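Dear colleague,

Please find the structure below, followed by a short account of what was found in it.

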Amino acid sequence: MSAPEVSGGDAGAVEPHDAVDVIRAKRDGGTVPEDALRWMIDAYTRGYVADSQMAAFAMAVLLNGMTRDEIRVMTDAMIASGERMSFASLGKPTVDKHSTGGVGDKITLPLAPLVAAFGVAVPQLSGRGLGHTGGTLDKLESIPGWRAALSNDELFAQLADVGAVICAAGTGLAPADKKLYALRDVTGTVEAIPLIASSIMSKKIAEGTDSLVLDVKFGSGAFMRDVVKARELARTMVALGTDSGVATTALLTDMNTPLGLAIGNANEVRESVEVLAGGGPADVVELTIALAREMLALAGKPDADVEAALRDGRAMDAWRRMIRAQDGDPDAPLPAPNETHTVTATSAGYVTQMEALPFGIAAWRLGAGRARAQDPVLHAAGIDLHVKPGDEVVAGQPLFALLGEDGSRFERALDALDGAWKIGTDAPARTPLVLERITA
Ligand code: URA
């Protein structure tokens with residue numbers, strides 16, 4: 001078995017330019033010539049362009065935007081700053097999924113083994129959570145023994161054998177993005193769509209997947225609250241993937257309400273296993289199936305019967321093999337909370353709202369997420385919802401339960417949830433979970 005080919009870390013011969021000229025060009029609404037833009041990213045990665053100069057450039061991009069060509073060059077320059085993987089010798093199609101993140105978003109867990117059950121390789125290089133959106137690796141680390149760090153050889157062997165891998169992304173992919181993203185975080189420039197698109201897509205393209213499906217979320221718990229901006233981000237990323245030779249489509253999906261009934265880590269694994277067993281909450285099943293269909297269509301299997309693979313145990317078999325391959329025990333009991341606190345309905349009626357962001361913040365305050373990259377997470381902490389918007393309830397009926405290591409964090413979590421859920425006399429109008437499909 002050979003390892004994936006890894007190449008790169010070479011931006012090629014880049015002629016020197018003046019950072020101030022590059023900043024001025026963008027500040028004045030012009031376009032930056034390709035060689036100057038490549039130089040800017042390379043020189044910044046090497047420490048020749050200062051943080052202050054890159055911050056000014058990022059702000060100019062936020063205010064004045066970038067052309068499609070500039071975004072392509074920027075992405076390409078960030079890819080060239082690190083290594084590039086290739087799974088060409090694997091002998092099967094590779095397809096990946098990226099979600100822009102949301103509350104209760106555990107879809108990667110059932111999705112990767114489901115797609116792999118059809119003979120497609122799914123290299124899902126993931127991260128840990130920061131703030132109110134959870135991280136896929138944190139969720140999987142609830143499983144006793146499971147290991148996130150794989151060598152390139154292990155990754156390749158598991159893709160060849162099981163087909164599905166969810167593991168930690170190595171630090172060698174797009175190091176320019178790592179530096180730039182940290183700078184954007186402290187300079188109010190995270191929200192620039194060209195910078196978000198090039199950041200996400202540089203990592204995904206460097207990873208070497210043949211095709212990619214993007215789950216771009218809008219709404220209260222999403223990175224992009226506004227649907228118009230989320231659509232623009234989705235279109236930009238689809239164009240970037242396509243221009244770079246990665247077949248890319250996107251689904252625009254609603255993140256105003258948490259996905260499923262579990263928000264946390266261990267409870268999200270439990271819910272994912274329910275989906276793999278042919279059950280689970282309707283919204284998690286719907287999105288898993290919609291994304292699996294997109295991925296399989298890009299991998300040349302448009303007629304794959306995705307529902308059947310959930311019903312007949314093929315997806316569950318792939319899950320168990322995927323967990324075992326990374327030293328996890330799929331049969332081991334998951335961490336359980338020591339204390340719970342249940343919130344009940346104060347009146348009868350219909351649940352009209354459960355707003356994703358406050359539920360995400362509350363789960364985070366309970367310990368399910370982290371405030372700093374080096375903090376640990378409490379795997380058993382989180383929130384179990386008992387109802388969802390549209391459900392009819394009676395007074396005193398349990399609405400949701402806070403799960404904690406002890407009760408000391410419940411008060412701060414309840415503060416975050418003040419006004420987050422509502423009960424009204426009329427059933428709310430149903431809104432689609434998948435709003436749009438975006439193609440090149
Ligand atoms: N996620 C990323 O990886 N980059 C961004 O810029 C925003 C979200």
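In what follows, Ala, Val, Leu, Ile, Met, Phe, Trp, Tyr, Cys and Pro are counted as nonpolar, Asp, Glu, Lys and Arg as charged, and the others, Gly among them, as polar. This is a predicted model, in which local features need pLDDT of at least 70 and side-chain atom pairs pLDDT 80 or more, while totals for chains, interfaces and linings use all residues. Residues are numbered from 1 along each chain as its sequence is written, and side-chain values use heavy atoms, without hydrogens and water.

The ligand is surrounded by Tyr181, Arg184, Ile196, Ser199, Ile200, Lys203 and Phe223, each with a heavy atom within 4 Å of it. By class, this shell has 4 nonpolar, 1 polar and 2 charged residues. The largest share, 4 residues, is supplied by α9; helices here are DSSP runs of H or I with at least four residues, numbered from the N terminus.

Three polar contacts (pairs of N or O atoms within 3.5 Å) may be examined:

- Arg184 places a polar side-chain atom 2.8 Å from an oxygen atom of the ligand.
- Ser199 has a polar side-chain atom 2.6 Å from a nitrogen atom of the ligand.
- In Lys203, a side-chain N or O atom is 2.5 Å from an oxygen atom of the ligand.

On its own the ligand has 240 Å² of accessible area, of which the protein covers 86% (Shrake-Rupley method, 1.4 Å probe).

The lining of the second largest pocket comprises 14 nonpolar, 6 polar and 7 charged residues. A pocket is an open set of points on a 1 Å grid over the protein atoms alone, where a 1.4 Å probe fits, with protein on both sides within 12 Å along at least five of seven lines; lining residues have an atom within 4 Å of a point.

Yours sincerely

Technical notes: A polar contact is a pair of N or O atoms within 3.5 Å; within protein, one must be able to donate a hydrogen and the other to accept it, and residues adjacent in sequence count only if both atoms are side-chain atoms. Helices (H or I, at least four residues) and strands (E, at least two) are DSSP runs, numbered from the N terminus.
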